[in-house]
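Please look through the sequence and the model shown here, and then read the short report on a few of its residues that follows.

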Amino acid sequence: MKKSLFCFLFILVSYSCSSSSDTKGSNSGTPLPVDPIIPITPLTDSEAMDQVQKEAINYFWQYAETNSKLARERYHTDNPGFEANKIATGGSGFGLMSLIVGIERGFIPRTEAVSRMTIAMDFLAKADRFHGAWAHWIDGNTGRAMSFSNKDDGGDIVETAYLCQGLLVVREYFKNGNSQEKILAEKADTLWKGVEWSWYTNGENALYWHWSPTYQWEMKFKIEGYNECLIAYIMGASSPSHPMPAAAYHEGWARNGTITTSKTQFDIPLLFKYNTGSGNVGPLFWAQYSYLGLDPTNLTDKYADYWALTQNHSKIINKYCIANPKQFKDYSEKCWGLTASYSRNSDGSTGYSAHDTDNDLGVITPTAALSSFPFTPKESMKFLHYLYDEKKATLVGVAGPYDAFSPQYNWVTPRYLAIDQGTIAPMIENYRSGLIWKLFMAAPEVKQGLINLGFRSSKYGF
């Protein structure tokens with residue numbers, strides 16, 4: 001087994017274990033009612049997109065961590081107080097971008113959003129940092145790092161990259177605003193420039209995921225492609241204060257060029273070797289987390305066309321669910337989407353799993369199809385209408401679609417995760433208007449970083 005795959009699986013197992021107290025047992029899911037209520041009048045496409053965006057944003061507005069105003073790691077409608085002060089660093093970056101969508105769409109008041117984001121920036125400035133990087137989880141009461149897994153009690157450069165993606169979007173959106181907004185933009189700018197990307201190379205031409213003041217580099221998790229971590233290399237190359245060398249991208253992430261493949265699934269090219277046991281496509285969040293801000297449209301380097309890469313990933317998952325080789329109940333062109341989420345096993349046990357074509361457990365995760373809107377708009381729209389025209393009464397709650405469900409096992413979890421809710425509004429907005437892509441790609445550091453790595457974009461003129 002490749003080292004990167006082992007480490008990836010280790011992280012997934014660690015995540016599940018760290019959440020074991022809440023993901024196992026009878027309260028982790030509820031049966032699907034026999035006769036769900038169906039609205040009389042189906043929503044138009046625009047109405048459906050408005051509704052799911054607004055409700056997903058609600059996770060970061062109504063259910064934010066109360067002290068920091070950042071994103072709670074999870075929110076359980078069946079146990080609202082559970083881990084109420086555990087902040088998700090990466091999910092908070094997604095949340096910042098979600099709030100920008102909310103402001104632009106008129107779903108949340110701009111002035112109050114600016115005030116809340118200012119509180120969040122001040123909190124992040126005082127929170128524990130490890131050579132500029134934040135931990136995977138942060139205590140919302142104290143700002144102290146919370147251990148994600150054994151030896152992972154320090155800086156997490158990948159989660160930090162997700163957060164910095166959001167910080168740059170905030171900066172670009174508010175930099176020409178009123179005095180309070182300009183101050184907010186400056187705070188976001190200062191925070192992202194404080195990350196020491198060069199430190200996280202550990203003296204090599206690669207990035208390493210973790211560093212701990214207690215365990216130093218003992219986790220030895222080199223970030224190699226292809227998975228969800230491309231944005232860490234983009235941010236590292238873009239830093240004006242602590243950049244990593246371009247060689248780290250080519251030797252580390254691209255594995256000296258061996259990242260590419262001629263393999264196909266459903267006659268669709270994969271382009272990259274995915275960090276799965278078989279090399280087949282991974283869970284769909286790999287095509288989403290790095291691309292909330294990074295626009296893959298007409299983006300190429302010597303390894304791939306990134307629009308083809310991300311679109312092909314979404315198409316393969318869609319076609320797999322329609323083919324439904326395991327014959328799970330209700331899988332179809334309107335009920336599809338495999339990614340990491342809460343999960344259920346055939347024996348009734350529950351937990352967390354990275355669902356993909358190699359690990360299909362009969363669990364559909366709404367964020368998978370919804371956050372694929374830019375890549376598979378027709379296919380994603382069918383799923384959106386399935387949710388809101390047919391299944392809203394059972395599959396949608398106070399903060400949008402519940403995290404996961406399984407028609408096969410008559411199960412839905414009435415729970416949410418920040419990293420899953422946080423990609424929905426930004427990616428749908430990228431499909432609708434390109435807003436988040438335009439903001440992130442407008443950052444001059446990002447353009448220069450991409451140029452330094454050998455990227456080309458006819459859309460953005462480099």
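Is D189 buried or exposed? D189 counts as buried, at 16% relative accessibility, where buried means under 20% relative accessible area, exposed over 50%, and partly exposed in between (1.4 Å probe, protein chains only). This is a predicted model, in which local features need pLDDT of at least 70 and side-chain atom pairs count only at pLDDT 80 or more, while totals for chains, interfaces and linings use all residues. Residues are numbered from 1 along each chain as its sequence is written, and side-chain values use heavy atoms, with hydrogens and water left out.

D189 sits in helix α7, residues 179-193; helices (H or I, at least four residues) and strands (E, at least two) are DSSP runs, numbered from the N terminus. Its side chain makes a polar contact with the side chain of K193 at 3.0 Å, a polar contact being a pair of N or O atoms within 3.5 Å, of which, within protein, one must be able to donate a hydrogen and the other to accept it, and residues adjacent in sequence count only if both atoms are side-chain atoms. Leaving aside neighbours within four places in sequence, D189 is in contact (heavy atoms within 4.5 Å) with R171 and E445.

Two residues other than glycine have a positive phi, as the table sets out.

| Residue | Phi | Loop between | Relative accessibility |
|---|---|---|---|
| K151 | near 75° | β5 (145-146) and β6 (155-156) | 29%, partly exposed |
| D330 | near 75° | α10 (306-323) and β11 (340-344) | 38%, partly exposed |

Finally, a cis peptide bond, with omega about 15°, joins G225 and Y226, and Y226 lies in the loop between β7 (210-211) and α8 (230-238).
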